[in-house]
Amino acid sequence: MITTASYLRGLSHLVLKFTTPEQGEGESFVNSPYTTGSGKSTKKPGPGLRRAMPLPDTMFCAQQIHIPPELPDILKQFTKAAIRTQPADVLQWSAGYFSALSRGDPLPVKDRIEMPVATQKTDTGLTQGLLKVLHKQCSHEQYVELAHLEQKWKNLCLPVENFRTLLQLDPCENKIEWIKFLALGCSMLGGSLNTSMKHLCEILTTDPEGGPARIPFETFSYIYRYLSKMDSDVPEGDTESYLATLKDTVDLAPEVCEAPGRLEWPLPVSRRIWRGAFTARFVLKPSATT
């Protein structure tokens with residue numbers, strides 16, 4: 001009866017017979033010049049023999065293979081995260097995913113799958129979902145290191161050129177205030193201040209998805225002033241007058257937002273202004289009572 005071990009030995013001898021340069025055409029491995037009749041080695045094998053000798057295949061049974069108990073769940077969660085996020089470069093994204101997982105940091109994973117929407121004049125790859133991922137990863141710090149932020153940007157498979165373009169709008173050396181970078185990212189999504197603030201409210205809100213997207217008035221006004229100052233054609237007095245009117249409207253109409261001091265979208269006051277920086281005209285939607 002031919003056993004597996006004897007079959008593998010015979011197969012390796014056959015391979016050596018036809019692939020080893022030092023052996024003759026009809027020589028077997030046992031009778032080769034490197035062994036005696038008893039099979040003991042008489043001299044060191046040449047480089048050709050070392051190259052030709054294959055490693056024997058190792059046979060494993062189920063009892064011999066140890067699978068870490070946490071591995072199936074890790075791979076399952078990783079697969080679900082990749083499907084939700086749909087990264088352009090799976091390997092680049094995977095490196096960031098497992099790096100964040102090993103450190104216990106927030107993962108670069110979207111909350112849900114985003115359907116492609118052609119709202120940008122040029123496809124920058126940036127979406128509201130990806131900005132929300134960055135917000136989860138960076139919002140615990142008021143200021144973020146540009147080097148760390150750029151790496152997180154790369155892990156989401158976003159073009160580095162767009163990252164540097166955003167920073168040119170508000171140049172800084174080593175750090176940037178996170179809320180300001182988020183506002184710049186929102187401006188890239190739309191093209192108007194109206195759209196930028198809408199994205200900002202939907203990212204910052206703690207309301208359930210599809211809800212009123214409420215955020216504190218102080219946060220709204222801070223970002224509104226920041227983006228408005230980027231356009232020299234917008235008088236500062238107009239911005240302050242608009243925000244004052246908006247605050248008065250919110251304070252006098254508690255039915256507009258359930259939580260005092262918080263704004264929800266659409267806003268209760270309308271305003272029309274030319275935004276040269278975003279090359280678009282925006283209108284904040286009026287409520288039914290205005």
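## A walk through the helices

Start by selecting Gln 137, which you will find in helix α5, residues 128-138. The structure on your screen is a predicted model. Is Gln 137 buried or exposed? With a relative accessible area of 7%, Gln 137 is buried, because anything under 20% counts as buried. Now show what touches Gln 137. Setting aside neighbours within four places in sequence, Gln 137 is in contact with Pro 106, Leu 107, Pro 108 and Lys 152.

Next, select Cys 138. Cys 138 counts as buried too, at 3% relative accessibility. Then jump to Cys 172, which is partly exposed, with a relative accessible area of 31%. While you have cysteines in view, here is a bit of chemistry: a disulfide is a covalent bond between the sulfur atoms of two cysteines. How many disulfides does a search of the whole structure find? The search comes back with 0.

Move on to helix α7, residues 160-169. Colour Val 160, Asn 162, Phe 163, Leu 166 and Leu 167: these are the buried residues of α7. They cover an arc of only 160° around the axis, so they sit on the same side of α7. Now rotate the view to the face turned away from that buried side, where you will meet the exposed residues Glu 161 and Gln 168. What covers the buried residues of α7? The cover includes α6 (146-155), β2 (175-177) and α8 (178-189), so try showing these together with α7.

Your next stop is helix α9, residues 193-204. Pick the C-alpha atoms at its two ends: they are 16 Å apart. At 1.5 Å a residue, the 12 residues of α9 should span 16 Å, so the model agrees with the expectation. Which residues of α9 are buried? Select Leu 193, Asn 194, Ser 196, Met 197, His 199, Leu 200, Cys 201, Ile 203 and Leu 204 to see them. With 9 of its 12 residues buried, α9 is therefore largely enclosed by the rest of the structure.

Finally, zoom out to the whole protein chain. The chain has 11 helices and 6 strands. Of its 290 residues, 37% are buried. Turn on the surface: the chain exposes about 17,700 Å², and carbon and sulfur atoms supply 57% of that area. Among contacts with a separation of 6 or more, 55% are between residues 24 or more positions apart in the chain.

Note on methods. Residues numbered from 1 in each chain as written. Predicted model: local features only at pLDDT ≥ 70, side-chain atom pairs only at ≥ 80, totals over all residues. Heavy atoms only, no water. Helix = DSSP H or I, 4+ residues; strand = E, 2+ residues; numbered from the N terminus. Expected span 1.5 Å × (residues − 1). Buried < 20%, exposed > 50% of the residue type's maximum accessible area, 1.4 Å probe, protein only. Arc of directions from axis to C-beta. Contact = heavy atoms within 4.5 Å. Areas by Shrake-Rupley, 256 points an atom, 1.4 Å probe, with all protein chains shown as cover. Disulfide = S-S within 2.5 Å.
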